[in-house]
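Work through the exercises below with the model open. Each task is followed by its solution in steps.

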Amino acid sequence: MSELQLEESRVKEAKEAKAQILDMESLNNPAAMKLYRRLDGILILVLFTFLTLGIQIQFTLTAGDWDYWVDWKDRRWWPLVTPLTLLMPIGAFTYGIWQRVRLPIMATALTTLLCLVAWGSHYLNFYKFTYFPLTFVFPATYIGVGILLDCALVMTRSLVVSAFIGAGLFGALVYPLNWPLIAAYRTAVEFNGTLLSLADLMGYEYIRTTTPEYLRIIESSTLRTFGGSVVPLTAVFAGFVSIVVYAIFLWVGSYVNKLVTFAKRIM
Amino acid sequence: MGVRATKHIMMAVKKMRSRLGLAWVVLSALVLFSGDVLAHGERAQLASMRMRTVHWFDTQVTPLQAKVGDTVTLTGKFIPSVYWPETLPSIAAMAFLNVGVPGPTFLRVHSEVNGVPMMRSTAFPLGKVYEYKVVMRARIPGRYHVHPLINVENAGSLIGKGTWLEIDKADTDAPFVNNATVLTGETVDLETYGLGGVIGWHLVWIAMGVAWLLFWLVRKELFIPRFMRIRALGADRANELLTKKDFVVSAMFFTLTLTIILTGYLWAEWKYPLTIPLQTGKVGVLGLDVPDGNLKIEVDSASYKLDGRSLTMHAKMTNNGERPLRIDEFITANIRFINPKVAEGKIVEGEEMVARNGLTVSVDVINPGETKDVVIVASDTLWEQYRMTGLIQDPDSRFAGLLFYGDDQGKRYYQEVGGSILPSYF
Ligand SMILES: [Cu+2]
């Protein structure tokens, strides 16, 4: 580095230090705090609107029919696909929010916003406009596992460690979390001499012209079951894959963050 | 001068108005018409695709007028074409018998093919006859175009012709009920069953989520101040921003959440002790043999007029049976071309796509033991209406259809005919 460059960077550092002192002082200034609070309010509004739209589109595209119909919520694929697809945006956003403002809110915010927007869209699109009964098209909930992930972040104070505990629980507990919602529709019924669950029967009775029976991906059998218990096996597997996916998307988040810093430097 | 100018303007406005009126009428007619077409998509597929996939016939819906809660039955037959396009995934691999209605305006309470219940997906080997029956219970009042429909995996939907159906409101104002008796003997209404639990648990979780967000977002210093403090502290000491209270509340939420998940799970196990996984499977169904009445048909050539109004077929037919046979009908792409001289096939109430005088046959009767060269011409403006003109655009110029004939005792026979088809420029 030349003398001149060294001098320049020194000046820059001094400027930044001065700015930081000014910043900290402003925190004691009621007028400044009022302004900050107002800006924060706008920020929350913008951020939450953006997150709502984003998660709605992303979840519709990836989880789609799994989320729409009660007869698609199987034991093997639904509790695997949905946590993975949710952990992608959660991981990416958690990194930035945690590093910058230390707020453990992204998992809960995204799952709660998704729940609200899914109710709105299912209610309008399926119940009001196309006459499906709500019993057939209610959305699943993921808020519980979202809270666990956020709590794990505060309790461990580490993105990496929380990935193991929080994301692991997130993936593993989707099925038990939703069991009180869907268990009613797994009651057995006999129809034309065949054993069906009520969900299967509803899938047959409430006509869907473009979602034929063969499209449902219910369970691909394997001879290597663990004493016939599909649910715990899927839970362990989903938990493990969730950890990996969450970690990958934390890294994606950090990468995006670096790009932002880089962009700032250029400007 | 002023008066004349005003008159002129008035005239122009009047003219414009009438023209606008006409345009409005045309436009709304177009919208109505295209809406009708778009609603079903029966003309959307390539002409040859419609001719060589599924031959639907004897389609009937009864009754044509019903009330909510009443039962409506859709019956008919179909033959998957042996000329099934190579490029299209086959109906003989994976298919599902469906009904083309706008969503759950009806409940499907029963469906069968050749006596086999069709709750599941199946496969329909080509060239066989399948008799289907779909029983539905009207659920939402309205006027509907009901079609038989088969979903073919990776290929899409194949749609039979539609029948208009009028569903009126039920006599009572009571809500629609869809009862099912579960194996434990309890009768439940699937329109509302379990919904209390669903909404209750959703409310619990929404409350938990909102509480967590409020705890973190309602505080004196939020995004901007926290950002400044972290910048001042540096990345290594940023965790100092988390207070003891934050930690305690998080631990509480963590425990509470796990407790609620466990409670919910145990509640569900207690409330619904007997549950089964979602059921799936594939049923097999045997096709019936085509009743060809021992008539041997060899198609020598076939052509269609470029304007798309007629199809001509030259065939050599040998009657190996014991009764004289007369050709009365040709069906392709859901259009019925009827030979008015014979007219054995009956036309049901509300039936569409029927060309009553659409078929001319050069030979009146084929007697037992006879071999005759027969020229069959199927022509009607329906060809145009259902976009058969597009045949020239098809990458594989072949056709297929069902030929119907009967003997002197009123017995009706049919078989599939098909082969290459050439455009005729004259
Ligand atoms: Cu239609």
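**Exercise 1.** State how much area is buried between chain A and chain B, and describe the interface.

Step 1. About 8500 Å² is buried between chain A and chain B, and carbon and sulfur atoms give 72% of this; buried area is the accessible area (1.4 Å probe) that two parts lose on being put together, summed over both.

Step 2. Tyr204(A), Ile207(A) and Tyr214(A) supply 10% of the area that chain A buries against chain B, more than any other three residues.

Step 3. In contact (heavy atoms within 4.5 Å) are 91 residues of chain A and 96 residues of chain B.

The model is predicted: local features need pLDDT of at least 70, side-chain atom pairs count only at pLDDT 80 or more, and totals for chains, interfaces and linings use all residues. Residues are numbered from 1 along each chain as its sequence is written, chains are lettered from A in the order in which they are written, and side-chain values use heavy atoms, leaving out hydrogens and water.

**Exercise 2.** Find the salt bridges across the interface of chain A and chain B.

Step 1. Apply the rule: a side-chain nitrogen of Lys or Arg within 4 Å of a carboxyl oxygen of Asp or Glu.

Step 2. The rule finds zero salt bridges across this interface of chain A and chain B.

**Exercise 3.** Locate the cis peptide bond that involves Pro63(B).

Step 1. The cis bond joins Thr62(B) and Pro63(B), with omega about -15 degrees. Most peptide bonds are trans.

Step 2. Pro63(B) is found in the loop between strand 1 (54–62) and strand 2 (65–67) of chain B; strands are DSSP runs (E, at least two residues), numbered from the N terminus.

Note on methods. Helices (H or I, at least four residues) and strands (E, at least two) are DSSP runs, numbered from the N terminus.
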